Amino acid sequence: MLNLKIYKTLKNFDNSRPLRFGMPGHKGNATFCKRFGGANLDVTELTALNLEKVVGDAEFDIADILRAKYAKILTNGSTAGIQCMLHAVKNRGKEIIINRTAHKSVYNALKLCGISPIVADFGFDYGLPNNPTTASTEKLLDTHPKAIGVLYTYPDYFGRTFDIKKISAVLKKRNKLLLIDGAHGGHYAYTDDKPYAGDYADIWVDGVHKTLPALNQGAVLLCSNAELIPSLEKAVDIFCTTSPSYPIMASVEYAVKFMNERGRQEIERVSDSLAELKFKIARSGVTFMEKTDALKLAVDFGSAGICTDTAEKLLIKKGIHAELNDGRYLLFMFSALTKKSEINALARAIVWIAKTVKRTEVFEGKTYSIPERKMPYLLAVSSAVEEVPLSNAVGQIAGENAGLFPPCYPVVTAGEVITDDVIKVLSATNVFGVKNGKIKIVKG
């Protein structure tokens with residue numbers, strides 16, 4: 001008998017009938033899985049199917065729905081979209097402004113495209129990095145007048161946003177580009193909860209699978225600037241597979257059209273249920289992050305004196321699975337397919353934890369600091385490196401990015417000095433850039 005380790009793990013998880021409050025946005029919905037879960041839909045580019053035209057027609061529909069001049073369905077997630085957008089603009093300058101909390105795919109794409117990042121920090125609040133402001137963006141543009149523009153994350157992993165309308169106006173006035181990693185903002189096009197990136201960006205990517213009913217890796221690359229479309233198409237030809245998963249593509253088209261037809265009412269339904277949940281858990285003494293979007297809930301167990309790891313383990317025993325545990329918050333993600341009964345079950349579980357767990361543990365928040373840059377990013381990532389134990393890395397120059405996974409953004413980037421604070425954060429369980437307790441530093 002075949003020992004299929006991956007299949008067994010996935011099958012056992014599904015058999016446990018879990019409540020999924022992470023990605024992907026289809027949440028294992030039975031109707032969705034019946035429609036897209038069969039391998040019988042997995043085909044290649046058969047002549048009889050004329051899939052090139054069919055996909056092109058679907059992308060035309062998606063562009064129309066999302067108010068874009070160009071749309072490309074992606075089967076390698078938002079990562080492929082990030083690679084394409086940066087490659088498309090790489091001849092417009094040698095540097096671009098990004099937020100430190102840009103996803104690791106942004107940093108990797110910058111390395112591939114030879115674009116130097118101007119890594120911007122905006123301070124911290126509630127234990128998390130702040131988002132860009134209009135004033136800070138203007139100052140960065142003043143300091144770096146030759147920058148291509150900015151590539152910002154909108155929204156961030158926790159569903160927090162910034163004034164994209166004002167920042168867009170600042171960039172347009174200076175004839176600079178606004179690129180948006182909208183991996184977590186795919187649902188914004190179907191609600192008035194937050195402004196949609198596509199109404200302001202030159203190029204953006206919607207991570208459809210995160211909050212919409214689509215299969216993992218499904219995303220859409222979009223463009224509203226006609227001048228950039230030819231170079232964007234060349235980039236798509238370079239970075240996107242010639243053997244795409246048509247079930248993923250089909251699920252992306254379904255997600256966009258389903259949300260266009262029913263998204264607003266379904267998001268309002270979920271928001272109403274979440275309002276009830278927030279009232280119940282607040283009454284039990286557990287707070288949550290206020291400034292998130294309609295499909296995110298960051299429960300602040302740490303500040304309530306409840307060990308977040310303990311809370312997560314208790315939830316898992318009840319078959320409830322969060323998207324993220326960062327040591328203070330448990331992040332829960334919802335979608336248009338999340339049922340009221342599931343939200344009610346989550347509320348009951350959180351209230352039960354609040355009443356059951358002894359609040360004897362004092363929460364000590366992570367200490368974040370902005371590392372000093374000693375070497376340009378592109379020079380650091382192309383330099384010879386060596387691996388050293390984390391404990392021996394203080395004062396050394398990072399040879400590659402390292403941070404928490406998820407949310408998959410760096411606490412130290414290549415070329416910056418590794419500090420005690422960085423080491424403390426990287427001592428967590430789920431990290432990238434650290435392997436077997438060792439981190440890469442610039443040699444010599």
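This is a guided tour of a predicted model, going from the whole chain to single residues that can be selected in turn.

**The whole chain**

Begin with everything displayed as a cartoon, where the chain shows 14 helices and 21 strands. The radius of gyration is 22 Å, close to the 22 Å that the globule rule gives for 444 residues, so the chain is as compact as a globular protein of that length. Turned along its principal axes, the chain has C-alpha atoms that fill a box of roughly 60 × 55 × 55 Å. If you switch to a surface, the exposed area comes to about 20700 Å², of which carbon and sulfur atoms supply 51%. Buried residues account for 54% of the 444 residues, and among contacts between residues at least 6 apart in sequence, 72% join residues at least 24 apart.

**The nonpolar cores**

Next select Ile 97, Tyr 152 and Ile 180, the residues with the most contacts inside the largest nonpolar core, which has 53 residues. To see where the largest share of this core comes from, colour helix H10 (residues 246-283), which contributes nine residues. Apart from this core lies another, of 40 residues, and Leu 110, Ile 115, Leu 232 and Val 442 are among them.

Now centre the view on Ile 180 and show its surroundings. Leaving out residues up to four places away in sequence, Ile 180 touches Met 85, Tyr 152, Tyr 154, Phe 162, Ile 164, Ala 197, Ala 201, Ile 203, Trp 204 and Val 205.

Move to Leu 179, in strand E8, which counts as buried at 0% relative accessibility. Its contacts, with neighbours within four places in sequence set aside, are Met 85, Leu 86, Val 89, Ile 96, Val 150, Leu 151, Tyr 152 and Ile 203. If you draw a distance between the C-alpha atoms of Leu 179 and Ile 96, the two are 10.0 Å apart in space, although 83 residues separate them in sequence.

**A buried asparagine**

Select Asn 99, which is found in strand E3 (residues 95-99). Is Asn 99 buried or exposed? With a relative accessible area of 3%, Asn 99 falls under the 20% cut-off and is therefore buried. Show side chains here, and you will find that the side chain of Asn 99 reaches the backbone nitrogen of Thr 153 at 3.1 Å. Beyond the residues up to four places away in sequence, Asn 99 touches Tyr 107, Ala 120, Phe 122, Leu 151, Tyr 152 and Thr 153.

**Helix H7 and its two sides**

Select residues 164-173, which form helix H7, and pick out the buried residues Ile 164, Ile 167, Ser 168, Val 170 and Leu 171. Looking down the axis of H7, you will see these buried residues fall within an arc of 160 degrees, so they line one face of the helix. Add helix H6 (134-143), strand E7 (149-153) and strand E8 (177-182) to the display, since the buried residues of H7 pack against these elements. Then rotate to the face of H7 turned away from its buried side, which carries the exposed residues Lys 165, Lys 166, Lys 172 and Lys 173. Following H7 is Asn 175, whose phi is positive, near 60 degrees.

**Backbone details in the loops**

For the next stop, select Tyr 154 and Pro 155, which are joined by a cis peptide bond with omega about -5 degrees. Pro 155 is found in the loop between E7 and H7. A cis peptide bond also joins Met 23 and Pro 24, with omega about -5 degrees, and Pro 24 has its place in the loop between strand E1 (19-21) and helix H2 (30-36).

From there, go to Arg 17, in the loop between helix H1 (5-15) and E1. Arg 17 has a positive phi of about 50 degrees although it is not a glycine, and this residue is exposed, with a relative accessible area of 72%.

Finish at Cys 408, in the loop between strand E17 (402-404) and strand E18 (409-412). Cys 408 is not a glycine, yet has a positive phi of about 75 degrees; with a relative accessible area of 4%, Cys 408 is buried.

Conventions: Residues numbered from 1 in each chain as written. Predicted model: local features only at pLDDT ≥ 70, side-chain atom pairs only at ≥ 80, totals over all residues. Heavy atoms only, no water. Core = buried A, V, L, I, M, F, W, Y, C linked by side-chain atoms within 4.5 Å. Buried < 20%, exposed > 50% of the residue type's maximum accessible area, 1.4 Å probe, protein only. Helix = DSSP H or I, 4+ residues; strand = E, 2+ residues; numbered from the N terminus. Contact = heavy atoms within 4.5 Å. Polar contact = N/O pair within 3.5 Å; in protein donor to acceptor, adjacent residues only side chain to side chain. Rg over C-alpha atoms; globule rule 2.2 N^0.38 Å. Areas by Shrake-Rupley, 256 points an atom, 1.4 Å probe, with all protein chains shown as cover. Arc of directions from axis to C-beta.
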